[in-house]
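Here is a quick tour of an assembly, told chain by chain and loop by loop. Have a look at the sequence and the model first, then read on.

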There are 8 protein chains.
Amino acid sequence: MSGFTDLGYARVDTDREVRQGLPEVVYAPGKRPEEITGIVTELLARSTGPVLVTRVEADVAAQVDVPGGSYDETARVLVWRPAPPGSFRVCLATAGTADWPVAAEAEAVCTAIGLTVDVVRDVGVAGLHRLLAVREQLERADAVIVVAGMEGALASAVGGLVECPVIAVPTSTGYGAALEGVTALLAMLTSCAAGLTVVNIDSGFSAAMAAHRLARTTARRR
Amino acid sequence: MSGFTDLGYARVDTDREVRQGLPEVVYAPGKRPEEITGIVTELLARSTGPVLVTRVEADVAAQVDVPGGSYDETARVLVWRPAPPGSFRVCLATAGTADWPVAAEAEAVCTAIGLTVDVVRDVGVAGLHRLLAVREQLERADAVIVVAGMEGALASAVGGLVECPVIAVPTSTGYGAALEGVTALLAMLTSCAAGLTVVNIDSGFSAAMAAHRLARTTARRR
Amino acid sequence: MSGFTDLGYARVDTDREVRQGLPEVVYAPGKRPEEITGIVTELLARSTGPVLVTRVEADVAAQVDVPGGSYDETARVLVWRPAPPGSFRVCLATAGTADWPVAAEAEAVCTAIGLTVDVVRDVGVAGLHRLLAVREQLERADAVIVVAGMEGALASAVGGLVECPVIAVPTSTGYGAALEGVTALLAMLTSCAAGLTVVNIDSGFSAAMAAHRLARTTARRR
Amino acid sequence: MSGFTDLGYARVDTDREVRQGLPEVVYAPGKRPEEITGIVTELLARSTGPVLVTRVEADVAAQVDVPGGSYDETARVLVWRPAPPGSFRVCLATAGTADWPVAAEAEAVCTAIGLTVDVVRDVGVAGLHRLLAVREQLERADAVIVVAGMEGALASAVGGLVECPVIAVPTSTGYGAALEGVTALLAMLTSCAAGLTVVNIDSGFSAAMAAHRLARTTARRR
Amino acid sequence: MSGFTDLGYARVDTDREVRQGLPEVVYAPGKRPEEITGIVTELLARSTGPVLVTRVEADVAAQVDVPGGSYDETARVLVWRPAPPGSFRVCLATAGTADWPVAAEAEAVCTAIGLTVDVVRDVGVAGLHRLLAVREQLERADAVIVVAGMEGALASAVGGLVECPVIAVPTSTGYGAALEGVTALLAMLTSCAAGLTVVNIDSGFSAAMAAHRLARTTARRR
Amino acid sequence: MSGFTDLGYARVDTDREVRQGLPEVVYAPGKRPEEITGIVTELLARSTGPVLVTRVEADVAAQVDVPGGSYDETARVLVWRPAPPGSFRVCLATAGTADWPVAAEAEAVCTAIGLTVDVVRDVGVAGLHRLLAVREQLERADAVIVVAGMEGALASAVGGLVECPVIAVPTSTGYGAALEGVTALLAMLTSCAAGLTVVNIDSGFSAAMAAHRLARTTARRR
Amino acid sequence: MSGFTDLGYARVDTDREVRQGLPEVVYAPGKRPEEITGIVTELLARSTGPVLVTRVEADVAAQVDVPGGSYDETARVLVWRPAPPGSFRVCLATAGTADWPVAAEAEAVCTAIGLTVDVVRDVGVAGLHRLLAVREQLERADAVIVVAGMEGALASAVGGLVECPVIAVPTSTGYGAALEGVTALLAMLTSCAAGLTVVNIDSGFSAAMAAHRLARTTARRR
Amino acid sequence: MSGFTDLGYARVDTDREVRQGLPEVVYAPGKRPEEITGIVTELLARSTGPVLVTRVEADVAAQVDVPGGSYDETARVLVWRPAPPGSFRVCLATAGTADWPVAAEAEAVCTAIGLTVDVVRDVGVAGLHRLLAVREQLERADAVIVVAGMEGALASAVGGLVECPVIAVPTSTGYGAALEGVTALLAMLTSCAAGLTVVNIDSGFSAAMAAHRLARTTARRR
């Protein structure tokens, strides 16, 4: 068996689930609704786990014609066959309100693939008392996803509080010297807190998938 | 108790080990040998685990006057009281020979803090048969650290082969459009393989510490 | 004879075909439909080979009033007097679905100028088995055009598999650290596979013309 | 009177002290010791306040032949006629040991021009307890100068704790994505703490002069 | 008491006024009118000073349903309970007409928080006589905010004329090499006038808040 | 057979010659002379064609202990078993004298692998008569390698004169806005001449290898 | 007399004509039609020479209510009281059709201020015969303005042909690596032709004003 | 006659003097002393005007073996057969002492080619009285060359004072956000003073050659 299916407009990788334990995820931009419909249908037929479409706008989502899916408008995520909640706990921390859409994508993907998410909002370092108030929530987590834009300082502060993996997601919020998220990205990469890791700007999806890989390793080693 | 000691030239964080389970690590650049000596002495007295100094050149290392340390010249790392080898297995993969010094830092730090390291060298994607030949080694790991410069494509290829966490370390090898490692950094951040995470250019140390955080979570959950 | 014609709004190079064996190509952006009509009419009158207009949107194409042309909407290319298929074989490989519009431009131009194109889609390195499955198709080609965005790793992998010229086309797909295609461009320029060459971001046209130059040299040397 | 003196190799602004209440400061790079000697001699003759030379290396300082000066090697500052300590209190906070040379320049200049400096070292946000331990020192200040490299997060944290002016100085410490201080600069400019101001990378001098301007306004308004 | 209130969609910092003497300010982008309404209502209930919303477009402002606010369309600022005019005098200088919207934000925020503003417009350095004509206005100020785009030279010229703090605000006016304000930002950071400080591109708000911090220190020391 | 040999410090790809018809090339930076000696010895034993070491400084070259090699100091290339001259003609054109070291690398590698090189020097576009004087030499070539720094305009001019493949090599000559070759790189990528291809800054090696790929395809199709 | 008039929304410099012999020019972006009307009316009343408005879109131009003006839509320039044609000859050369709007601004401004313009279009270096065909026109000029985007090579080629001043205007045409005109700008600044000067991207206006300054000096010296 | 001579290591353009009235100038970097000797000897034999070598360090200059030359160490320029002083007056203005080496190159080249130079030093905009004091000197000039680093504001201020051509030379002085002269370059390109032109960073040579072109046009028109 080849491990993929050629739909003409796309070559669908149908054994990723077997090969990597990764869910099947379709990146919507540049695909027409009928193409998304075709790919999702194929994936549902060839695999048994969750199937997701990310970065899908509401008008496109409405035209994807595959029964059983649910759509989260803030997260811009479509989900079929979500996994049942598992024991791996992700704490999702945001610096400010403007970071929420990116965090929402991380939350939607984590939930769809069976990770348990605990959200702490608006704990940016300009008000340290807000961050210190949620310290226990942070410490209970198996991994923390920090979503922050502008100077991205929250990642460093959290990195200094917890011992578990911290996945930093820079966001493109802000203006001027924020440089569409590049400043937060660079700041997170040079954090003074040891052992932080970073994913692409605005990629709540990548952070969720990184958490999934952690959960896989943790599960395997038990 | 304050949780730190003021040496005049430095304020030493002496409860990080307790607070985070992180080893005590001193970043050498900009510190004189006698200052490093002072800080290491203090840390050894106040904690019980491994103490490391990173990015320390051979001539400086020779002047650090604290008994019991060992020095790795390629890795530029000094270590006191290394942890015994644990069960968490890190596979450390490099794309080319020029990436080795950065990988050596990752290996030295991992080993010092008790992670078990398996090295696969020179498996850059321009010779895929070399990479496919080590697939089993990669799949056995609890986490993979990929060290690569120039276009950094190895991270994507490995990310597509394994299900465990992949920590990508861009290196500043190469010239011209390699832009001192910025190209590899950007390439790794935009990898088509889902759930990769990235650390700062040339930071074998950060990758090791990220692996340490993974090991902590894994251990806690068992 | 001067070798060009002055239409007032443009000075048309009418002997490029003689001088270089290159097809006549009009770059549409910034030109009004009636100007394109005028230039194409002039070129058809003064030369005998294919005439193309690139980057022409559907609404503009509809207003270009020259009989005998055909329009490819995905490629955004208008063609008159396409060349008959020749023996030079170009394999056109794309990393992901989002790269297709750029590849479509390359395919349309190659076909219009008489190169034979073989397409392999969606063979990004995150699923190496898909790439290895098309290895024979790649090896049969006289030249390979690799179209990829984000980290552009496919170019390196293909460069390591084939001995023929590889022309890499970075695309502006992706977001954040993809930097509108700059990341893929830099990555391809620093590929660890020897002897790759690169063209401008999103320029399927340039890749096709580079292949045309290869075909000319090959034909001349037979 | 012209307000300046032409020494041939330099046109010395001799009424800045009168015009702006600013001390006379010579920037050493690119000037020969005998030129510095000449300018300082002229300034001491034409004004009555402190005269400083900044960024002067030890070997050059040793050749500047003007009696009565004192040299601070870490700060690389030469001072004649320092002002007596005044009542304006500057708190000078650094994130890490590597930031000290820049902070030393700020301290030396502040002291020379009559500002009272209180130093708090090594209070980077990766160990928030160290920062919170000095909160009172920060709150007592009339202005805080924050010196930090890498991700520069300390500026935001301090900005959220105090009500007085905060002058952030990015430093060129770190490597890779720290981009020679550009990352810290951008991060400080996009701080989520309101009303921070920023000076050039590594410019302890600029921060001190900004504090001087604050002290002038404060003094005038009493 | 926790010092913040959780509204679900936002965690409102309700003791900033007590902690820092800073006004309560809501950054509008990314928030829905009803969310702004909720946050403002909460802030008015929990504090006693001015409450502001910045960067709020006219159509959003019209939907914010909290009595007693006033809206400045050029400044894009909503204000409730403005402070009475105080004795701290800010001179607000602009280089050209295109810089006015940013200056308007600075003026609106300054006025709302009780600073007295004196505006001098269009005094760019290409017509030095215009600048010299307002020299007295500049010298009377307790702080000067300079708003300028393109090459930002006005900040240096003003910095050389006054002894008080100068807060430079780069604007994104201009085109091409102005790089959306980055050129003005860099130019202001490298000003030859000593002791200037700089805030983010287009951030009239930050400049006003920096002036507020100055006023607080000045007031405290009297 | 595995297709590679593990020397401990390097994993040598020993079937590239068979797989791709590419010569065996060792990149010297970061390798010790004894490592280069070991790798070259292995390659000579396992293959039959040319073996090259590039970017090798004179002092390192002198310590490489493998009989039969020849060293070109300007090109910084070591060669064993050069191929006999073949019929594929490369014209190597440089814009200025400062570009010669990069061109020398291209020439040395081309010659070592059996391509016939014709050099035209110093034909930058600021003196078009010099370029037009060599037009026939350019037209006779099967491929042209253009080596130019600063604004790299020679590539466009040559691209407009010949019909064969043009491989542009940007060089890091010049200063200031030349940005270490980035300007030439960008200029060549955006050339108005159709079908040019570009390699990394200063990489005469890449250009030669790209020419080799052309020669392979040409030979195969005869 | 003050030399300027304060209209409330703008401080109009009314003696620039006397001081510098420069025409009065209003930059339209950010100004409302009624403001432009007011400024133009003031300038016409206070001076006697040409008055221009640049970068004014057609819909705004239609609302500027000052009699006697003429509007050039391609150039986006409004002119009142154009100067009579003078003897200073500017040759305006463009590389391609897409550069015309910028050249049109240069032409409109030159003509309005009394310079005589000779246009040569579409003489990009990819077709050198087109450039050489206009060599005499270029040599007759007192100054040449070269308008080119992408790699901007035309400036170097022209700079090598003529002895008079060459003012290079980079344009933002092209895509990808053209970087919105930055590539052309950098290329022109590093031209191998000696003594070229460069103005801002897309600034036909600046080039015309630079030519005006040349004409002033030339006239004065006769 | 071909118009150039091939020396093997260089193709010397020997009719530039005839073709363009430009002096013969050799750029030293990358050339060996004996090569410079050969080129200069050839140029002196084939032309009659001044011959210059630029950017030549003292140790290299000492080895150039051609009688009759004079060397300026600060300017790093070698000159043979300087032109007699002409009537074209260049005013050379510098912002600070650190800009002098670049200005010295401009002065040496101007003088060698027969332009009369008037120097005004250290007139940076932070002390406007110094600039206004030299206003008459500036107004007497036929062209002004402004040499300034950091924020480069002097160019704008001078551009607003004089009517003649202003050639701005950014310098790489300063540190941090000065970005090796890029900030000054960008600032000068976006000057609010109309009609300024700009040359490459640190290129006193280019400014002098631009002035030479002005002088040629002026002379021709008399």
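## How chains A and B are related

To compare copies, chains are superposed by least squares on the C-alpha atoms of residues with pLDDT of at least 70 in both. This is a predicted model, where local features need pLDDT of at least 70, side-chain atom pairs count only at pLDDT 80 or more, and totals for chains, interfaces and linings use all residues. As for bookkeeping, residues are numbered from 1 along each chain as its sequence is written, chains are lettered from A and ligands numbered from 1 in the order in which they are written, and side-chain values use heavy atoms, with hydrogens and water left out.

Two copies of a chain are related by a rotation about an axis and a shift along it. Here, chain A lands on chain B after a rotation of 180° with 0.0 Å of shift along the axis, at an RMSD of 0.0 Å. The two copies are therefore related as by a two-fold rotation axis. Both use the same surface, since 100% of the contact residues of chain A recur in chain B (contact means heavy atoms within 4.5 Å).

## The α9 pair

What angle do helix α9 of chain A and helix α9 of chain B make where they pack? The angle is about 45°, and the axes of the two helices (residues 204-221 in each chain) are 9 Å apart. Axes are lines fitted to C-alpha atoms, for helices over the stretch in contact, and angles run from 0 to 180 degrees between N-to-C directions. Helices (H or I, at least four residues) and strands (E, at least two) are DSSP runs, numbered from the N terminus.

That angle makes α9(A) oblique to α9(B); angles under 35 degrees count as roughly parallel, over 145 as roughly antiparallel, 65 to 115 as roughly perpendicular and the rest as oblique. On the chain A side, A:L214, A:T217, A:T218 and A:R221 meet B:L214, B:T217, B:T218 and B:R221 on the other. By type, the residues of this contact split into two nonpolar, four polar and two charged. Ala, Val, Leu, Ile, Met, Phe, Trp, Tyr, Cys and Pro count as nonpolar, Asp, Glu, Lys and Arg as charged, and the others, Gly among them, as polar.

## Chain H, inside and out

Helix α8 of chain H (residues 182-189) is largely enclosed by the rest of the structure, because seven of its eight residues are buried. Those are H:T183, H:A184, H:L185, H:L186, H:A187, H:M188 and H:L189. Buried means under 20% relative accessible area, exposed over 50%, and partly exposed in between (1.4 Å probe, protein chains only).

H:P67, in the loop between α3 (58-61) and β5 (70-72), is exposed at 71% relative accessible area.

## Loops in chains C and E

Most residues other than glycine have a negative phi. C:D122, though, has a positive phi near 60°; it sits in the loop between β8 (116-120) and α5 (128-133) of chain C and is buried, at 4%. E:L179 also has a positive phi, of about 50°. That residue belongs to the loop between β10 (166-170) and α8 (182-189) of chain E and is partly exposed at 33%.

Back in chain C, is C:S203 buried or exposed? C:S203 is buried, with a relative accessible area of 0%, in the loop between β11 (197-198) and α9 (204-221). Neighbours within four places in sequence aside, C:S203 contacts C:R55, C:V102, C:E105, C:V169 and G:Y175.
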